[in-house]
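Take a slow look at the fold before reading on. Follow the chain with your eye, then come back to the text.

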Amino acid sequence: MARAIWKGAISFGLVHIPVALVSATASQGVDFDWLDKRSMDPVGYKRVNKVTGKEVTKDDIVKGVQYQKGQYVLISEDEIRAAHPKSTQTIDIFSFVDSEKIPLQNIDKPYFLAPDKRGGKVYALLRETLIKTNKVALAHVVLHTRQHLAALMPLESALVLVMLRWPAEVRELDVLELGDEVTSPTLAKGELEMAKRLVEDMSGDWEPQEYRDSFEDKIMELVEKKANEGRLEAVETDPGEEQRKTADVIDLTELLKRSLGGKGKAPDKPAEKPAAKSTKTRKPAPAKKATKASRG
């Protein structure tokens with residue numbers, strides 16, 4: 001299995017399902033680094049005062065939020081840390097909705113979820129329940145100190161966690177100001193038939209192996225050609241590290257009954273279970289490949 005970027009549990013009612021979060025996407029594209037053509041040294045970004053043009057040290061920088069044009073409210077680092085949501089290492093389900101009810105424009109980024117710590121049976125139970133009820137689970141989850149709205153949904157034999165944009169981040173279609181010729185068009189039957197035939201003639205299967213970024217292909221062909229000609233310059237960079245958290249959780253199918261009976265509240269007599277533990281692990285970020293650049 002691909003390396004997990006987060007570990008925790010799906011939580012609904014009194015049920016906990018241990019899971020590991022795996023990215024469902026991979027960033028592609030050509031990474032153009034800035035280099036000093038005289039020495040091939042990496043070129044970074046400076047913190048510059050936009051009025052004076054002079055460089056500003058880190059110690060002289062404070063953070064502010066614009067309240068009115070030209071007026072800012074300063075927020076300290078302590079205040080920012082206090083405002084961050086507490087990381088609970090759980091995907092907290094708060095509702096189940098029909099899958100088609102989530103607007104397309106709210107969908108952001110998908111992640112795969114894999115069962116963890118012998119949680120396979122309860123994981124499969126949730127997946128099958130979602131399939132049979134045609135529902136998706138709405139949940140809150142905190143990743144990297146940021147709270148997300150998410151939808152938990154089945155995909156073949158797995159569960160997928162789709163990050164959703166908050167409703168306040170999504171514009172309504174009114175911003176397009178569509179006229180009557182679009183919202184209430186007058187279309188001839190012949191026009192519709194011709195358009196339908198064109199769609200049918202161009203219809204095909206989803207073939208992802210055929211869909212390529214031609215710009216990336218051309219640039220990488222050029223890189224390969226210049227590399228084979230020996231036109232190389234090596235630039236070394238230091239690898240960083242990214243902190244990851246894990247949590248030990250339990251799964252008890254019996255809690256389904258208790259959740260229904262107590263409407264999600266804890267029973268009077270708590271079930272015997274090991275105390276949840278939280279450990280921190282560090283995952284080294286992959287070292288950045290040496291950048292190739294040509295002279296001239």
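**A walk through the model**

At 69% relative accessibility, Trp206 is above the 50% cut-off, so this residue counts as exposed. Keep in mind that this is a predicted model. We will come back to Trp206 at the end.

Start with the barrel. How many strands make up the closed barrel? Seven strands do, in the order 1-2-6-9-8-7-5, with mixed pairing. From one strand to the next, the twist averages 40 degrees. What holds such neighbours together? Strands of a sheet pair through backbone hydrogen bonds, and the pairing is either parallel or antiparallel.

Now take the strands in turn. Strand 1 covers residues 6-12, and strand 2 covers residues 15-23. They pair in the antiparallel sense over seven bridges. To see one spot in this pairing, find Trp6: it stands opposite Leu21 in strand 2.

Next, move to strand 9, which spans residues 158-164. Is strand 9 mostly covered or mostly open? It is mostly covered, as six of its seven residues are buried. Strand 9 has a partner on each side in the barrel order, strand 6 and strand 8. Strand 6 is made of residues 107-115. Six bridges join strand 6 to strand 9, and the two run antiparallel. Here Leu113 has Leu159 of strand 9 as its bridge partner.

On the other side is strand 8, residues 146-155. Strand 8 and strand 9 are also antiparallel, with seven bridges between them. Ala151 has its bridge partner in strand 9, and that partner is Val162. These two strands form a hairpin with two residues between them. In this hairpin, Glu156 takes a positive phi near 55 degrees.

Leave the strands for a loop. Gln89 sits between helix 1 (77-83) and strand 5 (90-98). Is Gln89 buried or exposed? Its relative accessible area is 6%, which is under the 20% cut-off, so Gln89 is buried. The side chain of Gln89 reaches the backbone oxygen of Lys7 at 2.6 Å.

Finally, return to Trp206. With Tyr211, it forms an aromatic pair. By the rule used here, the count comes to one aromatic pair. The ring centres are 5.1 Å apart, and the planes make an angle of 55 degrees. That angle lies between 30 and 60 degrees, so the pair counts as tilted. Tyr211 has a relative accessible area of 45%, so Tyr211 is partly exposed. Its partner Trp206, at 69%, is exposed.

Methods:
Residues numbered from 1 in each chain as written. Predicted model: local features only at pLDDT ≥ 70, side-chain atom pairs only at ≥ 80, totals over all residues. Heavy atoms only, no water. Phe/Tyr/Trp six-rings, centres within 6.5 Å; stacked < 30°, edge-to-face > 60°. Buried < 20%, exposed > 50% of the residue type's maximum accessible area, 1.4 Å probe, protein only. Helix = DSSP H or I, 4+ residues; strand = E, 2+ residues; numbered from the N terminus. Polar contact = N/O pair within 3.5 Å; in protein donor to acceptor, adjacent residues only side chain to side chain. Pairing = 2+ DSSP bridges. Axes fitted to C-alpha atoms, helices over the stretch in contact; angles between N-to-C directions.
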